Each structure stands twice: as structure tokens, then as C-alpha cells.
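User: I'm new to looking at protein structures. Could you walk me through how to read pockets and confidence?

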Amino acid sequence: MTDYKTPYYIVYEDRLRKNLNLITYVMQQSGAKIIMAFKANALWRTFGVFREYGICSTASSLNEMQLANEELHCRAHTYCPVYTDDTIHRFIAGSSHITFNSVELFRRYRADIEEHNLQHSDLQVSCGLRVNPMCSVVDTDIYNPCAPGSRFGVTREQLGDSWPEGIDGMHFHALCESTSYDLEKVLDAI
């Protein structure tokens, strides 16, 4: 046996492909789009295999978005706690979806996205809003949307009774190592 220096990771390509075949089947049968989070799979050397199956990814930074663009050959589903005047146009160019952490931040950059969509009918960007259901099903406070000072999106109290025009979807971050039963509780809260 070869003496390998640690740490190292062994990826069994046949097992990866078996899982990707299952994921692809679920996407085809359900019409859902399943995307990879780089936080869950940072093994960029496997991205060529993911690319074969049409798997795209999330991005929470310009670097992650660039990785999705260059290695997965896709535009990312982007969420960033704060977009700035210096970065928003790069995010728009490399993303298919952009999720905002507040209604105010969406309103600040809505015109930029609408202008991009008018100029690039083949590269549309949809907008989402990160919502905080104020429902906790996790034990780890760092992932708890009910923790004091949580910045896990807009609460119903902040949103009011109307959904902002121009927002096509929602994102929530309330599950960590959770079950489908936990998801049901969070969806009920939403």
C-alpha cells in the first residue's frame, strides 16, 4: 500500500454517480431543481462529475459564485448577507437567482436587476427574500433563527401583510442536521 500523507479524502466515483443518478431522477420526476451547497461539498475536483449531471450550486460570496461559473459552468443561486455598490453588478452577472436579507436591500438594487433583465433576456435574474419563520428546531444557537440578534432574514412583523412586488421566491435558514418532521414544523410556521 502506498503511504499517503494525511489528511486526505477518498471519493468513490461510482458511489458519487449512484447518488447523482438518484438526484437526477428526483429532479426529472418532480420538476424540482436540486442545487449543491459548497459548504456541503468543497471537493472541487469532483465538480466535473457534478457538471455532467447538470448540478448547479449556491454561492454566498463572489469567490463561490466564480467557482460555480467556472467549474460547474452555471450561474449560481446567490445569497449574501450584504451586497454593496461595488459587488452587486458582479453578483448580477454571475447569478441566476439573488436572495436578499432585507426588503430594503432588495429595493436598493431592484432597478439594477431589472435593467440587467431588460438587456439580457437569456440571462434573467430572479429575486428572492430570506425569511425568518421564528421557529426553532435546532439545538445549535448559531443556526437558531430565534436566537437573540439573529440575522436570518425578514420576520413576518418586519414584512407586514404584503409580499414585495418583484420578489419571486423565498429562502429560509432554519434547519441544520434536521429531519423532514422538522421541515414540516418550519413550513407550518412560514
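User: Okay, pockets to start with. Which strand gives the most to the lining of the largest pocket?

Analyst: Keep in mind that this is a predicted model. To read a lining, ask which elements supply its residues. Here strand 5 contributes most to the lining of the largest pocket, with four residues. Strand 5 covers 126–130.

User: How many residues line the largest pocket, and which lie nearest its centre?

Analyst: The lining has 42 residues, and those nearest the centre are Tyr-79, Arg-130, His-171, Phe-172 and His-173. Among the elements giving two or more residues to that lining are strand 3 (76–79) and strand 6 (169–171). As for volume, the largest pocket comes to about 1200 Å³.

User: What classes do the residues of that lining divide into?

Analyst: Sorting a lining by class gives you a quick picture. For the largest pocket you get 20 nonpolar, 15 polar and seven charged residues.

User: And what volume does the second largest pocket have?

Analyst: That one is about 260 Å³. Its lining has 14 residues, with Val-131, Arg-156, Leu-159, Trp-163 and Ile-190 nearest the centre. By class, eight are nonpolar, four polar and two charged.

User: Where is confidence lowest and where is it highest in the protein chain?

Analyst: The general idea: where pLDDT is low, don't read the predicted coordinates in detail. In this chain the average pLDDT is 90, and 99% of the residues score at least 70. Helix 6 (residues 156–159) has the lowest confidence, at a mean of 86, while helix 4 (residues 88–94) has the highest, at 97.

Key. Residues numbered from 1 in each chain as written. Predicted model: local features only at pLDDT ≥ 70, side-chain atom pairs only at ≥ 80, totals over all residues. Heavy atoms only, no water. pLDDT = per-residue confidence, 0-100. 1 Å grid on protein atoms, 1.4 Å probe; cavity = no way out; pocket = protein on both sides within 12 Å on 5 of 7 lines; lining within 4 Å. Points joined across faces, edges and corners; volume = space filled by probe spheres on them. Nonpolar A, V, L, I, M, F, W, Y, C, P; charged D, E, K, R; others polar.
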